[in-house]
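Open the model in your viewer and keep the selection panel at hand. We will move from one selection to the next, pausing at each stop to see what is there.

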Amino acid sequence: MLKSPSLFRRLLLASALFGLPASAYAADAPSVVVSIKPIHGIASAIMKDVGTPTLLIDGAASPHAYSLRPSEARALQDADLVIYVSHALEGFLEKPLESLSGNAHQLELVDISGLALRHMREGGAWEAHSHDHGGHDDDDHDHADDHDHDHDHDDADHDAHHDDDDHDHATAAHDDHDEHDAHEHEEHEHEDGIDPHIWLDPANGASIAKAIADELGEIDPDHRATYQENLKKLLASLAALGNDLDNQLAPVRNKSFVVFHDAYQYLEAGFDLNAVGSITVSPEQKPGARRLHEIEDKIRESGAVCVFAEPQFRPAIVEAVVADTGAHIGTLDPLGADIDAGPDAYQEILKQNVAALADCLSGS
């Protein structure tokens, strides 16, 4: 008479069938929560054979205006480590992160060392950003080639993230409260001036991977060697991929294009591409008729070959812009909405966007 397989054997069988390592069920694996898919892909690759991080935003949802489900809020509460890009990108995390237990680690990637950070572009073909309170003159703020790291910003009135009515402190603690608010205010000003789409440059992806591996090794020293070995493999993979993508883009490197919103300058800088403008500064902001006419003029003036839409948004706006210009329409997606989450997702997102650029700019 056949005996039913043991629980351990059933777990091994499930691992084989679904491609999961048996160690993914290890009770001692740290609980890691990651905000967006490309970063989750990097974390998954680093945690391979130890555990699987939790992804908050999957599919076509936008990190700019996301609402946590109860299960996701619980995952944050139980997390040993929360990894996100910045308060400027994942604003929905600000309040939940404040209520995390004192034992939870937070890794805000925009603050790690080794990144090539870039200012948001404004003026002319790069529409002024919504955080701009100073009424800037577009002619004075064309930052398309401004890649220095000067983080001084004249946004003294920028206090949208702070609600003093929420705090009723004793007088004795008032000075400490003011000092904390000033520090937090300064951090948010810094983030608001920086383009948060840091992962689209593979060199930044390598720095992100190193930071995640180091953080995991700190909170989980028993698996530090595994994290470092996985990091070594991932860095080698990214170096080879970077060369392949660079060769793929070489024939179209000098061709001009327009993007739906300004999310791709790290990709442009990483591969020396020639974007000349964006239709809107934010996917949540619908451009007006005047803006659309400005972009049409920019397409004609620059000889832009392609205008890129994004899968989350109706293509009607892009179709209207290119109707009389002769430019092609392509699709770029910084978050990889239709790519499966997992240890290969980051590389697949880069591949997908580079393929879209090469195809559209070449007229395929």
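Begin by selecting Phe-260, which you will find in strand 5, the stretch covering residues 256–261. Keep in mind throughout that what you are looking at is a predicted model. Is Phe-260 buried or exposed? Phe-260 counts as buried because its relative accessibility is 4%, and the cut-off for that label is under 20%. Now add Ala-309 to the selection: although Phe-260 and Ala-309 are 49 residues apart along the chain, their C-alpha atoms are separated by 5.2 Å.

Next, widen the view to the whole protein chain, in which there are 11 helices and eight strands. The protein chain has 364 residues, and 48% of them count as buried. If you consider contacts between residues at least 6 apart in sequence, 66% of these join residues at least 24 apart. Switch on a surface display, and you can picture the accessible surface of about 17900 Å², of which 48% belongs to carbon and sulfur atoms.

Then select residues 224–249, which make up helix 7. This helix has 26 residues and reaches 37 Å from its first C-alpha to its last, close to the 38 Å expected at 1.5 Å a residue. Which residues of helix 7 are buried? Colour Tyr-227, Asn-230, Leu-231, Leu-234, Leu-238, Leu-241, Gly-242, Leu-245 and Leu-249 to see them. To find what covers these buried residues, show helix 2 (37–46), helix 6 (202–219), helix 8 (265–271) and helix 11 (345–361), which are included in that cover.

The last stops are empty spaces inside the model. Rolling a probe the size of a water molecule over the atoms shows where such space is left. A search of the whole structure finds two cavities of 30 Å³ or more.

For the largest cavity, select Pro-63, His-64, His-261, Pro-334 and Leu-335, which lie nearest its centre among the 15 residues that line it. About 110 Å³ of space lies in this cavity, and its lining divides into nine nonpolar residues, five polar and one charged.

For the second largest cavity, select Ile-36, Lys-37, Ile-57, Asp-58, Gly-59, Ala-61 and Leu-335, which line it. The volume of the second largest cavity is about 30 Å³, and by class its lining has four nonpolar residues, one polar and two charged. Finish on Leu-335, which you selected for the largest cavity and which also lines the second largest.

Note on methods. Residues are numbered from 1 along each chain as its sequence is written. This is a predicted model: local features need pLDDT of at least 70, side-chain atom pairs count only at pLDDT 80 or more; totals for chains, interfaces and linings use all residues. Side-chain values use heavy atoms; hydrogens and water are left out. On a 1 Å grid over the protein atoms alone, a cavity is a set of points where a 1.4 Å probe fits but cannot get out, and a pocket is an open set with protein on both sides within 12 Å along at least five of seven lines; lining residues have an atom within 4 Å of a point. Grid points are joined across faces, edges and corners, and a volume is the space filled by probe spheres set on the points. Ala, Val, Leu, Ile, Met, Phe, Trp, Tyr, Cys and Pro count as nonpolar, Asp, Glu, Lys and Arg as charged, and the others, Gly among them, as polar. Helices (H or I, at least four residues) and strands (E, at least two) are DSSP runs, numbered from the N terminus. Buried means under 20% relative accessible area, exposed over 50%, partly exposed in between (1.4 Å probe, protein chains only). Contact means heavy atoms within 4.5 Å. Accessible areas come from the Shrake-Rupley method with a 1.4 Å probe; for residues, only the protein chains shown count as cover. The expected span of a helix is 1.5 Å times one less than its number of residues.
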